[in-house]
Each structure stands twice: as C-alpha cells, then as structure tokens.
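Thank you all for making time this morning. I would like to walk you through one model, beginning with the surface beside the DNA and ending with a single helix.

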Protein chains: 2
Amino acid sequence: MTLSRASKYAILSALFLAEHSSETKKISVKVIAESIDVPSPFLAKLFQQLVRGKIISSTKGPNGGFYLSKKNQKKSVIDIIENIDGLGRLNECFLGLSKCDGENPCPVHFIVEPFKQQILGKFRDKTIIEFAEEISAKGRVLTLKDVDNLTSGK
Amino acid sequence: MTLSRASKYAILSALFLAEHSSETKKISVKVIAESIDVPSPFLAKLFQQLVRGKIISSTKGPNGGFYLSKKNQKKSVIDIIENIDGLGRLNECFLGLSKCDGENPCPVHFIVEPFKQQILGKFRDKTIIEFAEEISAKGRVLTLKDVDNLTSGK
DNA sequence: TCTATAAAAGATAAAAAGGTCTTATATTCT
DNA sequence: AGAATATAAGACCTTTTTATCTTTTATAGA
C-alpha cells in the first residue's frame, strides 16, 4: 500500500519534466534534482531505469538532458510505479495478510479497498501530461523542498 | 502511510491475544508465532518492546507466557502502532512531500486524507478487545498463513 | 533444592532500501 | 580532431529493517 521513495521521486520528476521540458528543451539531472530537492546521484540512477523503461527520454552531450517525447507524455503515473516498484507493492494488504480480498478480508479491507481503487484509477486513467496540467491548474506543490523556503524571501 | 512489518505483526498478535489469552491462560511466543505465521525470534523481540510499552503483559517460567491484562485490553490499535513505529509514519504524505496539508496539498492529498481519517478513527476509537470482537463476529481472518492451507484438508 | 520452562536482554547477522562515486560513452561546438 | 558536457553503467557504501542466536533471569512444580 505504499510507494518506495524511488517511485515518489520518479513521479515528481516525471511531472516536472511534463511541465518544463520538451524535445527541444532538455533538462539535466542536476537541475531537476535541485528543483524537487532530491539527491542527484540517486535520481541519475533512477532516470537510467526510467529511460530503459521508455517512461522518459534522454540525449547525451551538450544541450542534452532528459525530456518527455510525445510517446512518453502518454504514459500514466501507474506506468512509472510499475517500472520502479512493480505493481505488487500497491496491492499489498494493509495489515500484511498474504491473502486479503472480498472473500477473506482483513479487518480493514473494506476501508482500504475503495481508497485503493480511487487512487489507482487516478494513476491509471490520466496521462502524465493531463496529470501535470491538472496539477498546475490547481496550483499544487511539486517539490520536496520545505515550502516555507520557497515562499519566504530567503 | 504504511505500517512496518513489525507493527503489522504486533497488531495481529495483540488481536490474537485478545481472543485467546487471559490472566489465567497465557500463551508462549512460539504458539503465537506459529498461529499467525511469523518468525518467532522476531516476534519475541517485538513482544519485549510491547511489554515495556505496557501494551501486553508477560510472566516467565512454566505456564508463563504473554496475555492481556484488564488494562491492556483497553489499549487501542493506535497505541500499538505508536509503540512500534511512532505516529509519524502514518502521517507521511503519499507522494513524500515534506509539507502536505490542506493549504499546500500534493496532487492526491484530497483522496488520501479522508481515508487516513477513517482508518485512524478505526484504530483510535476501539479498544483492542472491541476490535477483536468485531473481527470474530464478522469472521475475519487474522493469520499470515496461506488461507488455502487452513481451509483445505491438508 | 533441583529441574524444566518461558521470557528478558543483548549481541549479531542478513537483506533491502537508499545513496554515492568513478569510469565509460555519446554528442555538440570550436 | 579536440575540448567540454551530459547521460550510461557498474561498483560500492550506509542506514534501516528484519531476523537470529546466545546467555541470563524468573518462576513453577516435583
């Protein structure tokens, strides 16, 4: 029922790329890492995997960096999670039971299940671009930085 | 937003004790570990901590073991979680944002929040005994064992 | 009082997750 | 061609979580 830190970083990064990058405007790990406040060597590793998984794209050399191709933009958040954590993790029982379903529900199954469906739906049915658009329309925050440091003068 | 495996084991064990133990009927780690299918040395360590935290009780020696005293029975699931994981863990943002609230919500904040309140309410407002009673009334499963192995002949 | 039993305590180990560093490779620009 | 830049790849390190093992202590009962 939880995302690894790696998945969280990946989701935030992908949304950041959706908003700020394009085929003609690639962004380096370093810039992204600083923008969302994540350790950059770790993010670099993650990005390699995302590129192999065709979630994001990259080119090397000067003016190189990471970006979303047209195809990448049509991926969904669930594709990111699948690529990093696999799908099993999100489907684990909240109390750790090896088999927990409508037939053999754990004590909180019927609270957890509707929530799970809701959030999986959200992650599955929107493309990364749509998701990013919704976020910027609603003015949501997308960094791990301390928000106070962003809004205050310093 | 997740429980450690330790917390999960602890919750299942406490509920098991609520149902099967009493001041006059104590149960050994080994029996409990086998019943809920959890590694027994690990559970033993966990139990030490739960005893120190006054969540469960124990006596040494022959006919000794673990049980819930009258006071223990009035603890709630949230007390177990607090004792093992602390409360911070359950309150973490689903996407890992350091500050995520109604003012500065992450993209899934308004999906996660109602669920969190619901499950926290459930864990806070019922005593362990009440919780255990509800579970046995509804015939819910409480072991990590493969359910098939329980119901099938073998 | 001796023995068996069961938890307490503490040391240690194994695995997973998170994070870093170094070298190689591709690309662009001069 | 050569220098600079940015990712790719792989080795490596650290911390946290999970799990185990050994020794000690308390208790009951013969």
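Which element gives the most to the surface near DNA strand C? It is α3(B), with four residues, where near means that the C-beta atom of a residue, placed from the backbone, lies within 6 Å of the molecule or strand, and where helices (H or I, at least four residues) and strands (E, at least two) are DSSP runs numbered from the N terminus.

Before going further, I should say that this is a predicted model, in which local features need pLDDT of at least 70 and side-chain atom pairs count only at pLDDT 80 or more, while totals for chains, interfaces and linings use all residues. Residues are numbered from 1 along each chain as its sequence is written, and chains are lettered from A and ligands numbered from 1 in the order in which they are written.

Returning to DNA strand C, there are 25 residues around it, and A:Ser4, A:Arg5, A:Pro39, A:Gly61 and B:Ser28 come nearest. Both chains take part, since at least two residues each are supplied by α1 (5-20) and α3 (40-52) of chain A and by α3 (40-52) and β2 (65-67) of chain B.

Turning to how the chains meet, 27 residues of chain A are in contact with 28 residues of chain B, contact meaning that the C-beta atoms of two residues, placed from the backbone, lie within 7 Å. On the side of chain A that touches chain B, α7(A) gives the most, with five residues. Of the interface residues of chain A, 100% are also interface residues in chain B, so the copies meet through the same surface.

Chain A superposes on chain B by a rotation of 180 degrees with 0.0 Å of shift along its axis, at an RMSD of 0.1 Å, the fit being by least squares on the C-alpha atoms of residues with pLDDT of at least 70 in both. That is the relation of a two-fold axis.

Finally, consider helix α2 of chain B, residues 29-36, in which B:Val29, B:Ile32 and B:Ile36 are buried, that is, have 20 or more other C-beta atoms within 10 Å of their own, with C-beta atoms placed from the backbone. Seen down the axis of α2(B), these buried residues fall within an arc of 70 degrees (taken over the directions from the helix axis to the C-beta atoms), so they line one face of the helix. They pack against α1 (5-20), α3 and β2 of chain B. After α2(B) comes B:Asp37, whose phi is positive, near 60 degrees.

Technical notes: A residue is buried if 20 or more other C-beta atoms lie within 10 Å of its own, exposed if 12 or fewer, and partly exposed in between; C-beta atoms are placed from the backbone.
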